[in-house]
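Thanks for coming, everyone. I have a few minutes on one structure, so let me put it up and walk you through it.

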Amino acid sequence: MTPAKWVRIWNERLPGVPLVLLQVTAAEAGGVLRARGADAGLLRLPTDRTDLSAIPLYTETTVVVVPRDHFLTAADEVSAEDLADEVVLHPLDDTLDWERPPGRPAVARPATTADAVELVAAGVGLLVVPQSLARLHHRRDLTYRPVTETPQSRVALSWREDGTTDLVDDFIGIVRGRTVNSTRGRRRPAPAEAETDAKAKAKKEASGRSGRGGARRKPAAGGSAGGRNPRSGSGGSGGSRGGRRGRPRRS
């Protein structure tokens, strides 16, 4: 598995929560989750899901690992029938759900996929595996080709059914491609954080209202903002009559 993209997104969204990666074999993954050695894991189906939740993510291409000078490298893709006359290694940690492996069986089954790759390099036989395992055990003297008519490996994200915490749900959201604005993909704050955020928001709103009110000047009683009597003339000194036209007196 190559979870680098998911780890990068996690570090961007939750920089204060370290995400520690643990590399295990496909055969060990389920046991590590059950023993609480990890909060979530990437494993291959089928697997025992008695007490595990699992979300299938994708299906891998199956390939055959061969020496670089093998005649099968002339083709872009081979079938299971093309392997009928070849010795095909079947390691004990094989991740493919075979009904009957192709080719002729080897004298003994290698203990691990890594051991089988070494035997392919020694010319003992060929190996059929998911493409990611061929890449993991890459050697300069070996290559691989896609194989049709063979089982394919399904990759799933899994976690304990009783271990669905908020942080596990956040990781599920990242793996499934939820955006940061998604309700399920966004980290829910703890109660104390939520209370603090609410108080900060209320304080900000109150400050905004105070700022808007303080920007207006209240006119002085009986006058305008400049202090003048709005009924007085521009240069008059006669009080209330300075700005009015007087009536003619009757004799």
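**Two sheets, their helices, and the spaces between**

Start with strand β4. It pairs with strand β8, residues 142-148, in the parallel sense, over 2 bridges. Within that pairing, S79 stands opposite T148 of β8. One caution before I go on: this is a predicted model.

Now widen the view. Which strands make up the sheet that holds β4 and β8? There are 6 of them, in the order β4-β8-β3-β7-β5-β6. The sheet is open, and the pairing is mixed. Look at the edges. β4, residues 78-79, stands at an edge, and so does β6, residues 104-105. Each has a single partner strand, so one side of each is left without a neighbour in the sheet.

A helix goes with this sheet. Helix α3 covers residues 113-121. It lies across β3, β5, β7 and β8. Against β7, α3 runs at about 140°.

Next, the other sheet. This open sheet has 3 strands, in the order β1-β9-β2. The pairing here is antiparallel. Why do β1 and β2 each have a side without a neighbour? They stand at the edges, and each has a single partner strand, so one side of each is left without a neighbour in the sheet. Neighbouring strands of this sheet are turned by 35° against each other on average, with direction ignored.

Take the pairing of β2 with β9. β9 spans residues 154-160, and 7 bridges join it to β2. The two run antiparallel. For one bridge pair, find T59: its partner in β9 is R154.

Which helix packs on this sheet? That is α2, which touches β1, β2 and β9. The direction of α2 makes about 130° with that of β1.

On to charged contacts. How many salt bridges does a search of the whole structure find? The count is 8. Here is one of them: D51 with R34. Their closest N and O atoms are 2.8 Å apart. This pair links distant parts of the chain. D51 sits in the loop between β1 and β2, while R34 belongs to helix α2. The two are 17 residues apart.

Two backbone details next. Where is the cis peptide bond that involves P46? It joins L45 and P46, and omega is about 0°. P46 lies in the loop between β1 and β2. The other detail is R36. Its phi is near 60°, a positive value in a residue other than glycine. R36 lies in the loop between α2 and β1.

Now, empty space. Rolling a probe the size of a water molecule over the atoms shows where empty space is left.

First, a pocket. The second largest pocket holds about 200 Å³ of space. It is lined by 14 residues, and the closest to its centre are A26, A27, R44, P46 and T47. So P46 comes up again, this time in the lining of the second largest pocket. Which elements contribute to that lining? α2, residues 26-34, and β1, residues 41-45, each supply at least two residues. α2 gives the most, with 5. By type, the lining divides into 6 nonpolar, 3 polar and 5 charged residues.

Then, the enclosed space. The count is 1 cavity of 30 Å³ or more. The largest cavity holds about 30 Å³. Its lining consists of V88, L89, H90, P91, D94, W98, P101, L127 and V128. β5, residues 87-89, and β7, residues 126-130, each supply at least two of them. What types are these residues? They divide into 7 nonpolar, 1 polar and 1 charged.

To recap, with the model on screen. Find the open sheet of 6 strands, with mixed pairing. Find the open sheet of 3 strands, with antiparallel pairing. Then trace α3 across β3, β5, β7 and β8, and α2 on β1, β2 and β9.

That's my tour. Over to you for questions.

Terms used:
Residues are numbered from 1 along each chain as its sequence is written. This is a predicted model: local features need pLDDT of at least 70, side-chain atom pairs count only at pLDDT 80 or more; totals for chains, interfaces and linings use all residues. Side-chain values use heavy atoms; hydrogens and water are left out. On a 1 Å grid over the protein atoms alone, a cavity is a set of points where a 1.4 Å probe fits but cannot get out, and a pocket is an open set with protein on both sides within 12 Å along at least five of seven lines; lining residues have an atom within 4 Å of a point. Grid points are joined across faces, edges and corners, and a volume is the space filled by probe spheres set on the points. Helices (H or I, at least four residues) and strands (E, at least two) are DSSP runs, numbered from the N terminus. Ala, Val, Leu, Ile, Met, Phe, Trp, Tyr, Cys and Pro count as nonpolar, Asp, Glu, Lys and Arg as charged, and the others, Gly among them, as polar. Two strands pair if DSSP finds at least two bridges between them. Axes are lines fitted to C-alpha atoms, for helices over the stretch in contact, and angles run from 0 to 180 degrees between N-to-C directions. Contact means heavy atoms within 4.5 Å. A salt bridge is a side-chain nitrogen of Lys or Arg within 4 Å of a carboxyl oxygen of Asp or Glu.
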